[in-house]
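I opened the model to look up how its strands are paired, what packs on them and which residues are buried. My notes follow in the order in which I checked things.

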Amino acid sequence: MVEKSIENNKQECIFCKIAAGEASSYKVKEDEKFLAILDAFPSVKGQVLVIPKEHMGSDISDVYNTSIETFNAMMKFVMDTIDLMKKKLGVEMVVVVWEGMAVKHAHIKLYPVNDVSKSQIVKPPIGVFINGPYPGFTCTAPGPKLSDQELKDMQRKLRF
Ligand SMILES: [Zn+2]
């Protein structure tokens, strides 16, 4: 079932088209297996996407379970891209997000952080934090503090 749904998605996959040169993109780094491109819908200046050229499901487990070698090579490519972003953009750090809810082709989002100290004081708009089911977006700023009971309940659910 999973294989079939991945195969169906491949037909109209924008990242497959970009990898094949059938759709335009702004490449910043490339090797035989991976591409780093500018995110066409950045939330921060200089946001980059890393994608494998081969179609793989967007859940991190899909890549890991398909090929640990590919997973490791992708992480190496991500680290090289982060080094490039730090040097070229002069940023202090890069936030890494593996999400893949909208495009069902594995991709890692890289968010350059210009000034780490400022990122701690900027207050995002009220209502951004849901602290409930995933609403279709995420934010790396801290949300409201959970109670000890809420933390214990979540620990009970997650504990191995
Ligand atoms: Zn694809």
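I began with β3 and β5, which run antiparallel and are joined by three bridges; I take helices (H or I, at least four residues) and strands (E, at least two) as DSSP runs numbered from the N terminus, and I call two strands paired if DSSP finds at least two bridges between them. Within this pair, V48 has L110 of β5 as its bridge partner.

Before going on I noted that the model is predicted, so that local features need pLDDT of at least 70 and side-chain atom pairs count only at pLDDT 80 or more, while totals for chains, interfaces and linings use all residues. Residue numbers start from 1 along each chain as its sequence is written.

**The sheet.** I next followed β5 to β4, and found six bridges joining these antiparallel strands, with V96 opposite L110 of β5. At another place in the sheet, β1 pairs with β2 (residues 34-38) in the antiparallel sense over three bridges, and E30 stands opposite L35 in β2. Put together, the five strands form an open, antiparallel sheet in the order β1-β2-β3-β5-β4. Why is one side of β1 and of β4 left without a neighbour in the sheet? β1 (27-30) and β4 (93-98) stand at the edges and each has a single partner strand, so one side of each stays unpaired in the sheet. Neighbouring strands are turned against each other by 20 degrees on average, direction ignored, where axes are lines fitted to C-alpha atoms, for helices over the stretch in contact, and angles run from 0 to 180 degrees between N-to-C directions.

**The helix on the sheet.** I then looked at α4 (residues 68-89), which packs on the sheet and touches β1, β2, β3 (48-52), β4 and β5 (108-113), its direction making about 155 degrees with that of β3; contact here requires C-beta atoms, placed from the backbone, within 7 Å. I checked its length as well: at 1.5 Å a residue its 22 residues should span 32 Å (1.5 Å times one less than the number of residues), and the end C-alpha atoms are 31 Å apart, which agrees.

Which residues of α4 are buried? They are M74, F77, T81, I82 and M85, a residue being buried if 20 or more other C-beta atoms lie within 10 Å of its own, exposed if 12 or fewer, and partly exposed in between, with C-beta atoms placed from the backbone. Seen down the axis, the buried residues of α4 fall within an arc of 150 degrees, so they line one face of the helix; the arc is that of the directions from the helix axis to the C-beta atoms. On the other side of α4, the exposed residues are I68, E69, N72, K76, M79, D83 and K87. Just after α4, I noted that G90 takes a positive phi of about 65 degrees.

**The core.** I looked up the largest nonpolar core, which has 23 residues, those with the most contacts inside it being F34, L35, I37, V48, V50, I51 and L110; such a core is a set of buried Ala, Val, Leu, Ile, Met, Phe, Trp, Tyr and Cys residues joined through C-beta atoms within 7 Å. Two or more residues come from each of α2 (14-19), β2, β3, α4 and β5. Leaving out residues up to four places away in sequence, F34 touches V50, I51, P52, K53, M74 and F77.

Technical notes
Contact = placed C-beta atoms within 7 Å.
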